[in-house]
Amino acid sequence: MDNTEIATISQVVKQLIANSPYKHKLEEATILCAWKRAMPLVVLKRTEQAFVKQDKLFIKISSAPLRQELQNTKDQVLQLVRKAAPDCIITDIVFL
């Protein structure tokens, strides 16, 4: 395979996803996987629930001190998630 075939396959897959009725669910799954890749194990162990609604990532944390620490560093956490999922649009993170 040369680079033109790979680019063509990539373009076809992107077009297929863009036209899919499941695009929102695919983006949500990508964002949730990005959360799992970007966060350390101590945060993931205390993450009770995570979901996406209206371009916002909602995270329910079981530890109040950890939730407060994440809230204080929300901009940095948002950058980490955006870096892990560059094609998805997340405007904000809400810690519950």
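A residue counts as exposed here when its relative accessible area is over 50%, as buried when that area is under 20%, and as partly exposed in between. Keep those cut-offs in mind as you click through this model, which is a predicted one.

**Stop 1: helix α2**

Select residues 23-38, which form helix α2. How far apart should the ends of a 16-residue helix be? At 1.5 Å a residue, α2 should span 22 Å, and its end C-alpha atoms are indeed 22 Å apart, so the two values agree.

Now colour E28, I31, A34 and W35, which are the buried residues to look for in α2. Turn the view until you look down the axis of the helix: these buried residues fall within an arc of 120 degrees, so they line one face of α2. Give K25, K36 and R37 another colour; they are exposed, on the other side of α2.

What covers the buried residues of α2? Show α3 (41-45), β1 (47-53), β2 (56-61), α5 (74-84) and β3 (92-95), which are included in the cover.

**Stop 2: R37, on the exposed side**

Stay on α2 and pick R37, which lies in this helix. Its relative accessible area is 54%, which is over the 50% cut-off, so R37 is exposed. Leaving out residues up to four places away in sequence, R37 touches A84 and A85. Try drawing a distance from R37 to A85: they are 48 residues apart in sequence, while their C-alpha atoms are 9.6 Å apart in space.

**Stop 3: where α2 meets α5**

Show α2 and α5 together. The two helices pack at an angle of about 115 degrees, and their axes are 8 Å apart. The crossing of α2 past α5 is right-handed. Which residues meet here? From α2, select A34, W35, R37 and A38; from α5, select V77, L80, V81 and A84. Sorted by kind, the residues of this contact are 7 nonpolar, no polar and 1 charged.

**Stop 4: helix α5**

Hide α2 for a moment and keep α5. Its buried residues are V77, L78 and V81. Around the axis they cover an arc of only 100 degrees, which puts them on the same side of α5. Turn to the other side of α5 and you will find D75, Q76, Q79 and K83 exposed. Bring back α2, and add β2, α4 (64-72) and β3: the cover over the buried residues of α5 includes these elements.

**Stop 5: V77 and L70**

Zoom in on V77 in helix α5. Is V77 buried or exposed? Its relative accessibility is 5%, which is under 20%, so V77 counts as buried. Not counting residues up to four places away in sequence, V77 touches W35, M39, L70, I93 and F95. For a distance to draw, take V77 and R67: they are 10 residues apart along the chain, and their C-alpha atoms are separated by 12 Å.

From V77, step across to L70, which is found in helix α4. L70 is buried too, with a relative accessible area of 6%. Leaving aside neighbours within four places in sequence, L70 is in contact with V43, I61, V77 and F95. The C-alpha atoms of L70 and V94 are separated by 9.8 Å, although the two residues are 24 apart along the chain.

**Stop 6: L96, after β3**

Follow the chain past β3 to L96, which lies in the segment after that strand. L96 is partly exposed, with a relative accessible area of 40%. Which residues does L96 contact, apart from its neighbours within four places in sequence? Select F51, F58, I59, K60, I61 and R67. L96 and R67 are 29 residues apart in sequence, yet 7.6 Å apart in space, C-alpha to C-alpha.

**Stop 7: the loop between β1 and β2**

For the last stop, think about backbone angles. Most residues other than glycine have a negative phi. Select Q54, in the loop between β1 and β2. Q54 is not a glycine, but its phi is positive, at about 50 degrees. The relative accessible area of Q54 is 68%, so this residue is exposed. Now pick D55, also placed in the loop between β1 and β2. D55 is another residue other than glycine with a positive phi, near 60 degrees. At 38% relative accessibility, D55 counts as partly exposed.

Note on methods
Residues are numbered from 1 along each chain as its sequence is written. This is a predicted model: local features need pLDDT of at least 70, side-chain atom pairs count only at pLDDT 80 or more; totals for chains, interfaces and linings use all residues. Side-chain values use heavy atoms; hydrogens and water are left out. Helices (H or I, at least four residues) and strands (E, at least two) are DSSP runs, numbered from the N terminus. The expected span of a helix is 1.5 Å times one less than its number of residues. Buried means under 20% relative accessible area, exposed over 50%, partly exposed in between (1.4 Å probe, protein chains only). The arc is that of the directions from the helix axis to the C-beta atoms. Contact means heavy atoms within 4.5 Å. Axes are lines fitted to C-alpha atoms, for helices over the stretch in contact, and angles run from 0 to 180 degrees between N-to-C directions. A crossing is left-handed if the near helix is turned anticlockwise from the far one by less than a right angle, and right-handed if clockwise. Ala, Val, Leu, Ile, Met, Phe, Trp, Tyr, Cys and Pro count as nonpolar, Asp, Glu, Lys and Arg as charged, and the others, Gly among them, as polar.
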